[in-house]
Amino acid sequence: MSRASGFRYRRRRVTDIFAKTLGIAATAFGLFWLTWILLVTFNNGLHALSPAIFSQTTPPPGGQGGLANALFGSLVMCVLGVLIGAPLGIAAGTYLSEFAERQPAWRESVRFVNDILLSAPSIVLGLFVYTLAVRSVGHFSAWAGGISLGLIVLPVVVRTTDETLRLVPNVMREAALSLGIPRWKVTVQVLYRAAAPGILTGVLLGLARISGETAPLLFTSLNNQYWTDNINTPMASVPVVIFQFAMSPYDSWHALAWAGAFVVTLFVLLLSVGARAYFLRNRINTVA
Amino acid sequence: MSPLPATGVGLSLDDKHIKARAAAETRQDAFFRGLLFAAAALVLLVLGAAAASMLWGGRQAFATFGWNFIVSDEWDAVGRQFGAFVPIYGTLVSSAIAMVIAIPVSFGIALFLTEIAPTWLRGPVAAAIELLAGIPSIIYGMWGLFSFVPFMAASVLPWVNRNLGDAPWIGPLFRGPPLGIGMLTAGIVLGVMVIPFISSVMRDVFLTVPASLKESAYALGSTTWEVVWNVVLPYTRSAVVGGIFLGLGRALGETMAVTFVLGNAHQLNKSLLMPGNSIAATIANEFTEADSDIYLSSLIALGFLLFIVTFIVLAIARLMLYNLARKEGR
C-alpha cells in the first residue's frame, strides 16, 4: 500500500468514526431533552399533587383549591371529541380502503387532504370551529370544544382505519363474498373484526392527542371557574387552566398548573405507550 | 329424490323471496356505501370549509388594510391599526432556527437508529424519541417558561452575548439583554418539538432502501458513512425533504409552547435575544381580548395566512413522500 492510499484510507476511516460519533451525540441530545422535560414535570407535579386536586374546584386568584372542574371538563370534551371523530373517521377510512376502488383519483385526493389535516395546526381548526359553532350561536360552549377536538381525532382515525383495513388479507373478503353475504355485512362482521385492534389503536392515539390539546379550546370552550355539567356553557379544561395559571403571578396557581401538567402528561404517555403495546400484541398477521 | 319442492308454485314463491332479499341487500349496500362516502366527503369539506370560513372571517381586515396587513409592522389595538409583519417575521424566524437545530439532529438520530446502534437498542431508543412527540405542547411551554428560560438567561445567553455579540455579520443577531424569553429560546424549543417528527420519517425511509443496494456498496469497501451519504441519501432524497417539510409545517403552526417563551411583544428586533411574536402566539394570546370587530377580523385573517402557508408546506411534504412510495411500488 502506497503512502497516498494509506492516507486516504485513514481519512475515510476518520470521517466514518466522526459521523458515527455525531449520530450518537444527536441521539443523546434528543434523549437529554426528553429526560429534562419529564423530570421537571414529574418533580414539580408530584410536589403539587394532593387529594384536593380531585375534590375541589379551581380557586380565585391566589387562593387554594383543586382542578376537579377542569378534569371533569377535559373528560367531557375528550369523550365528545372521540364520539364525533371516531365514527366519522372509521366510516371515511372504510370508504377509502373498501369502497373507492373505482374512483382512484378521488380516493387519493381524500387521502392527501386527510394527511394534511393530520398535521394541520390545531389553532387553525379551533378558529374554524369558532366561526362555525361559537360565533353563529353567540356564546362559547363545551360543545364547540368537543367538535374542535373531534376534528383532530378524525384524520388520525381515518388514516389508521384505512391502513389497517388494507392489511386484511383479500381471501377473507373473497371467502365472505362467495357465500353471498352483502358487502356491508362483510365489512361490519368480517373486516371490522379482523381490523379491530388497529382501529382501536387509532382511536386511542387520537384520544392521546386531544387530551393535552390547548389551542383550539381557547376559542371554543373557553374556561370556567366553576363546576358545570352543562355542555351548552363554557367549560374549564386542564390544558386551558394550565395555560391561565402558569402565566399568572400567583404561586398557588403555579402549583396547580404543575399538578395539572403532571396528570395530563402521565395520562397521555401511558395512553400512547399502552396503545402501541396493545397494537403490537394484536396487529393483523400479514404473513398468513 | 329431490328434497326441494318440484312444483312450479313452490319455485316461484322461493324465487320471489330470493329476489326480494337480493333487492333489499342491494339497497342496504347502496345506503351503507352512501354513508361512508358522505364521511369521506366530510374530510374534504372540513379543509375547504376551514379555509373559506377564515377567509370570510378575515375579510374585513383584508379589505381595510390590503397589502399593509402583511407588510406593515404597526399592531395597535387601541388605534385599530393592524399590520401583521411582526408575527409573520417571528413565525418564519423561529421556525428557521428550529429547522437549523432539528434537521442535523434528526438526521443523526435516524443514522443512529438505522446504522450505528446495536439491534436490541434500536426499538427502545426509537420509542423514547417518539415519546418526545407525545408530550403535549402545553407541557413544553410550561417547562420552557419555568426551567428552560431561566437556564438560558443564566447560562447560555450571557455566553452567546460575549462570544457571538461582536462577531462580524451575525453579531447584531446575538446582541441584547439576556432576558431568556425571546426568538432564540422559542426556536430551540420548537426545534426539540419537531425532532421526533423529522427523525421518525427519516428512519422509516432509510429502512426502505433495498438491502442489496447497501450491501453492494459495503462489498466494494465503503464505510458506513459512505453508504449512508452515497447510497441511502440519494435513494431517499425526496422523502427526506418531505420529512423536513413535515417538521417545518409543525413548527410554523405550533402554538402553546411558543406562546409561553416568545414574550408576546409586537416589536421588530434584529436581535434573536429579544422578545417577539408569532402568528399562532398572537392569536392565542389576544383572541379573548379582541374588543372590536376589526381586531377579531385581523386575528382570523392571521389564522387564514397561517393556514395557507402550512397548507402549502404540508402539501409539498406529502408530494415528496408519495414520490418515494411510488418508487417503492406501494
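**Notebook: enclosed cavities**

In the second largest cavity, I found that α6(A) contributes the most to the lining, with three residues. I note that the model under study is predicted.

Entry 1, the second largest cavity. I looked up its volume and recorded about 50 Å³ of space. I then listed the residues that line this cavity: L117(A), L118(A), A120(A), S122(A), L125(A), L151(A), I152(A), P155(A), R209(A) and E213(A). In chain A, I saw that α4 (104-119), α5 (122-134) and α6 (142-167) each give at least two residues to this lining. Sorting the lining by class, I obtained seven nonpolar residues, one polar residue and two charged residues.

Entry 2, the whole structure. I asked how many cavities of 30 Å³ or more a search of the whole structure finds. The search returned three. I recall that empty space left among atoms is revealed by rolling over them a probe the size of a water molecule.

Entry 3, the largest cavity. I recorded about 60 Å³ of space for the largest cavity. Its lining consists of L113(B), A126(B), I129(B), E130(B), P196(B), S199(B), S200(B) and R203(B). Which elements of chain B each supply at least two residues of this lining? I identified α5 (119-134) and α7 (183-206). Of these helices, α7(B) holds the largest share of the lining, at four residues. By class, I counted four nonpolar, two polar and two charged residues around the largest cavity.

Notes
Residues numbered from 1 in each chain as written. Chains lettered and ligands numbered in written order. Predicted model: local features only at pLDDT ≥ 70, side-chain atom pairs only at ≥ 80, totals over all residues. Heavy atoms only, no water. 1 Å grid on protein atoms, 1.4 Å probe; cavity = no way out; pocket = protein on both sides within 12 Å on 5 of 7 lines; lining within 4 Å. Points joined across faces, edges and corners; volume = space filled by probe spheres on them. Nonpolar A, V, L, I, M, F, W, Y, C, P; charged D, E, K, R; others polar.
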